[in-house]
Each structure stands twice: as C-alpha cells, then as structure tokens.
Amino acid sequence: VNPARLAARFGTPAYVYDLARIRAAHTDLRAALPEPSSLYYSLKANPHPRLIEELAGAGCLAEASSPGEVDAALAAGLAPGDVLLTGPGKSEAVVRHALRRGVTRYSVDSPVDLRRVGALAAEHGVAARCLLRVNADEPVPGMGLAMTGTASQFGADASWVLREPYLFRGHAGARVVGLHLFMGTNLLDEDTLLAQFEVGTALAATLGPRLGALQEVDLGGGFGTPFARAGRRPVFRTLAARLSRLLDDRLPGWRRGEPRISFESGRYLTGSSGTLLAQVVDVKRSKGELFVILDTGVHHLGGMSGLRRLPPASVQLEPVETRPGEPVEWTAVGPLCTPLDALNRNLSLPEPLVGDLVTVPNVGAYGLTASLIDFLGHLPPVEVFHDGGRVVAASRRQSAHLPQPELLPRPA
Ligand SMILES: Cc1ncc(COP(=O)(O)O)c(C=O)c1O
C-alpha cells in the first residue's frame, strides 16, 4: 500500500495492518509447533476484532485476561469453549462475567483463585475446568523478561504444589485438569525457547502424577519478533522436531492427546503485521538541537515503556519521502505536554519537512492498546486493514475525550 495515498484517504496517525502477514506468521508458527497441539492467540497483544477474526479463522483459540477480551473473542466468532481466561487477580466480577458468557476454562494462580472460580462456577451450575499456573523453582537460562523462576505474582511456586498438592487439585465447582506454564516473552532464538519448554515439560512430568491425570499442558510460548524496529520475524525451523522429541521423552501420551499440548502467542502472530504511519507537524531547533514534532507519540505507541513492560521507547522511524542532504541528529517527539513524549532521541537522518510522512515498522502487537490512549484526549489513530494491498476495513476506537455516562447522580 502506498503510505501517501493511505494518509490522504484516512488521515494520520494511522495504524496500518496487513492481514496477509498475520496469516503468514500463523503459518510459520504452526509449522514450528509439534502436531498435534493447539494455539491460543493472546488478545493482550492486540484485541482488534479484525485481527482476532483472522486468527480465529486460521484455527487459533483465545487467551483472554479481562471481560473486554472475553467479549472481543466471542464477538470475533469464537465459541466460549475456545476461550481460556488467565491472569492473576481475577476478581469475582471478572469470573462472573466470563461464566455468564459461557466460559468454563480458567487458568488459576493460587488456592484462593481456584476456590473463588469453583464457588462461582458452582453457583452458576457449571464445573470449571482449570489449568494450574505454575512458577518454576529455577529461572530458565537466557531469558530476558522472565515470568517464572523468580519471585512473582504469577502462578504457584512448583515447590509449593509439591509440598501441598491437595490445595491445588480442585473442588466440585472447579477441577484442575492441567497446567499453565507461561514463562517469558519475546524470545528470539530456538535454543532459549527450547530451554524453557524443557523446564515446562519436566514440571508437567513431575507435577502431573500429584495432581491427577493431566488433560492439557499449556507450555506457554514467548515466541519473539522485532518490536518498533526494522527486522524480520524469526522462523523457528527445527523447533517442532526438537519439541516433539522432548515431549516423547517427558509426556509419552501427548501424540494421543494425553495430555493435549497447547501454546500461547501474541506478538509473534500480530507484531509484524502493523505499521504506524504519522506526519511531521513541526520542525525546529532549540539550543542547538533539532526537534521533529509528530502527530503521534507515546499515547499511541510505547506508553507502557515507563512501566518496563516494553523496552524504553526508542522506535525506528523510517521516512516515507527521501530528503536530500547529509544525515543530521534529531529527536522525534509527539504532541503531548510532557518531555517524556519522545519516540526517539538519537535519530540520524536528513532533516524532514513539515508534512512529511514517517512510519514505524513491526508495531502490530503491543501498540495502540498498550499505550496511553486516553492521556490528553487526542483522537485515537485510525486503524486500517489491508489484505496484500487491498484495503478491507478501517475503524477508529471511540474517542477517549467524549464525556462518559456518569456512574453516580450529581449531588443536588
Ligand atoms: C500468560 C501470558 N500468555 C501470553 C502472553 C503473550 O506474550 P507474547 O505476546 O510475547 O506472545 C503473555 C504476555 O505477557 C502472558 O502473560
């Protein structure tokens, strides 16, 4: 697609997604996973209905962590049985909402969580089928943002489950039928991925017999892909074969689905599909430094980097127009009223002109909804979907600055 034409038709800033790339990512990931196995799309990466529909159509189930994500999965055509509700701190309201929607599969993080899900499911007249999220006792070597093997709010420590297995087997309303072993995110090489699956399968082999027959082992994922910088999505060519051997060794019934093996992925499936398209609004110098002010900023991309959820904001900007001249140093900032609204402080490119277009590659995951959309009340970017070049849909999230209905009557 031609960025200038898109900008003229839909305005900027715009998130532009290529559905063909999502299908390609799904095909590559499926080929990297052992057969048989299931794959959940983690909606947190990007809950736009058009993307969920695409992935549901390709055969993905949904990993959802909030009422909004449950509703988004169902609205995209998935059945309640295809949804796994995960996350620490699932309040009664969150679980009730999921139960009302027909969701009966939960990842539980603690005995309290298991009891709460069980009590609410029983009230609802259904039996919840739960995966117990387990935190390994040792960290996995080579992992960046580790979510296991360290002190964490996620899951129950493996040593605790071994010590007091009776706390984790479940009750009438909620039976533990499997394990949830999500360990880390954005792992770019096969050896690190395999190292965590070794830990996961070993845990399943050890804990399974203490918990009863496991019906499902969700090995997590962590499949990495570049974020907000150029680069190709990795393809894990030998992973399926290596993982199959590991499973044969540790969980010999897996080929018969005993247990069923599953994986989760957010960023790998959608990351490479999205590009942020923005426009230069102003160019000026201050005390010898060049500032390029864009119509997008940390409210649309990277807002959570301050929380260390993502690497510090330093996104790669690619000019659409080629300007003559030597590269100069500049800082790309957004329109927010905070000096924190900088997308990159170390650019070295020819000086752009007001009105020029720039793009940020590989932001289909953890882009818009992982940012500070409501901050300052700017209109959210338009989201445009094309399929190999043909625009098939466009939408804009409801404007954040419109007054919301009041929850309490005003005092007289
Ligand atoms: C439990 C769980 N599943 C899946 C994901 C998705 O991770 P990614 O987008 O790296 O695939 C996360 C991310 O934090 C997670 O916590």
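Tutor: A residue counts as buried when its relative accessible area is under 20%, and as exposed when that area is over 50%. The model here is predicted, and the first case is helix H5.

Student: Which residues of H5 are buried?

Tutor: They are Val-94, Val-95, His-97, Ala-98 and Leu-99. Their cover includes H4, S4, strand S5 (105-108) and helix H6 (111-124).

Student: What comes just after H5?

Tutor: Gly-102, which has a positive phi of about 95°. Helix H3 has a glycine of this kind too: Gly-59, just after H3, takes a positive phi of about 110°.

Student: Which residues of H3 are buried?

Tutor: Start with the general idea. An α-helix has 3.6 residues a turn, so residues three or four places apart point the same way. In H3, which spans residues 49-57, the buried ones are Leu-51, Ile-52, Glu-54 and Leu-55. Around the axis they cover an arc of only 160°, and they are therefore on the same side of H3.

Student: What do the buried residues of H3 pack against?

Tutor: Three helices and three strands are listed by name: H2 (19-32), H4 (67-75) and H10 (267-270), together with S1 (14-18), S2 (38-42) and S17 (382-387).

Student: H4 has now come up for both helices. Where does Ala-73 lie, and is Ala-73 buried or exposed?

Tutor: Ala-73 lies in H4. With a relative accessibility of 0%, Ala-73 is buried, because the cut-off is under 20%. Beyond its neighbours within four places in sequence, Ala-73 contacts Leu-43, Ile-52, Ala-62, Leu-78 and Val-83. Ile-52 in that list is one of the buried residues of H3.

Student: How is Leu-211 to be read in the same manner? Is Leu-211 buried or exposed?

Tutor: Take its place, then its accessibility, then its contacts. Leu-211 belongs to helix H8, residues 190-211. A relative accessible area of 7% makes Leu-211 buried. With residues up to four places away in sequence left out, Leu-211 touches Leu-132, Val-161, Pro-165, Phe-168, Arg-169 and Leu-179. The chain also brings Val-177 into view: 34 residues separate Val-177 from Leu-211 along the chain, and their C-alpha atoms are 8.2 Å apart.

Student: What about a loop residue? Where is Thr-86?

Tutor: Thr-86 sits in the loop between strand S4 (83-85) and helix H5 (92-100). A loop position does not settle accessibility here: Thr-86 is buried, with a relative accessible area of 4%. Its side chain makes a polar contact of 2.4 Å with the side chain of Glu-63. Apart from neighbours within four places in sequence, Thr-86 is in contact with Glu-63, Ala-64, Ser-65, Ser-107 and His-180.

Student: Next, the backbone. Which residues does a cis peptide bond join?

Tutor: Look at omega. One cis bond joins Thr-12 and Pro-13, with omega about -5°; another joins Glu-35 and Pro-36, with omega about 0°. Pro-13 is in the loop between helix H1 (3-10) and S1, while Pro-36 is in the loop between H2 and S2.

Student: Which phi values are positive in a residue other than glycine?

Tutor: Lys-287 has phi near 45°, and Leu-376 has phi near 75°. Lys-287 falls in the loop between strand S11 (274-286) and strand S12 (289-294). At 84% relative accessible area, Lys-287 is exposed. Leu-376 is in the loop between strand S16 (357-360) and S17, and is partly exposed at 41%.

Student: Last, the ligand. Which residues come nearest?

Tutor: Of the 15 residues around the ligand, the nearest are Thr-185, Glu-264, Gly-266, Arg-267 and Tyr-366. Read the atoms next. In Thr-185, a polar side-chain atom is 2.4 Å from a ligand oxygen atom. In Glu-264, a side-chain N or O atom is 2.4 Å from a ligand nitrogen atom. In Arg-267, the partner of a ligand oxygen atom is a backbone N or O atom, at 2.8 Å.

Student: How much of the accessible area of the ligand does the protein cover?

Tutor: The ligand on its own has 390 Å² of accessible area, and the protein covers 96% of that. The shell around the ligand consists of six charged, six polar and three nonpolar residues.

Technical notes
Residues numbered from 1 in each chain as written. Predicted model: local features only at pLDDT ≥ 70, side-chain atom pairs only at ≥ 80, totals over all residues. Heavy atoms only, no water. Near = heavy atom within 4 Å. Polar contact = N/O pair within 3.5 Å; in protein donor to acceptor, adjacent residues only side chain to side chain. Areas by Shrake-Rupley, 256 points an atom, 1.4 Å probe, with all protein chains shown as cover. Nonpolar A, V, L, I, M, F, W, Y, C, P; charged D, E, K, R; others polar. Buried < 20%, exposed > 50% of the residue type's maximum accessible area, 1.4 Å probe, protein only. Helix = DSSP H or I, 4+ residues; strand = E, 2+ residues; numbered from the N terminus. Arc of directions from axis to C-beta. Contact = heavy atoms within 4.5 Å.
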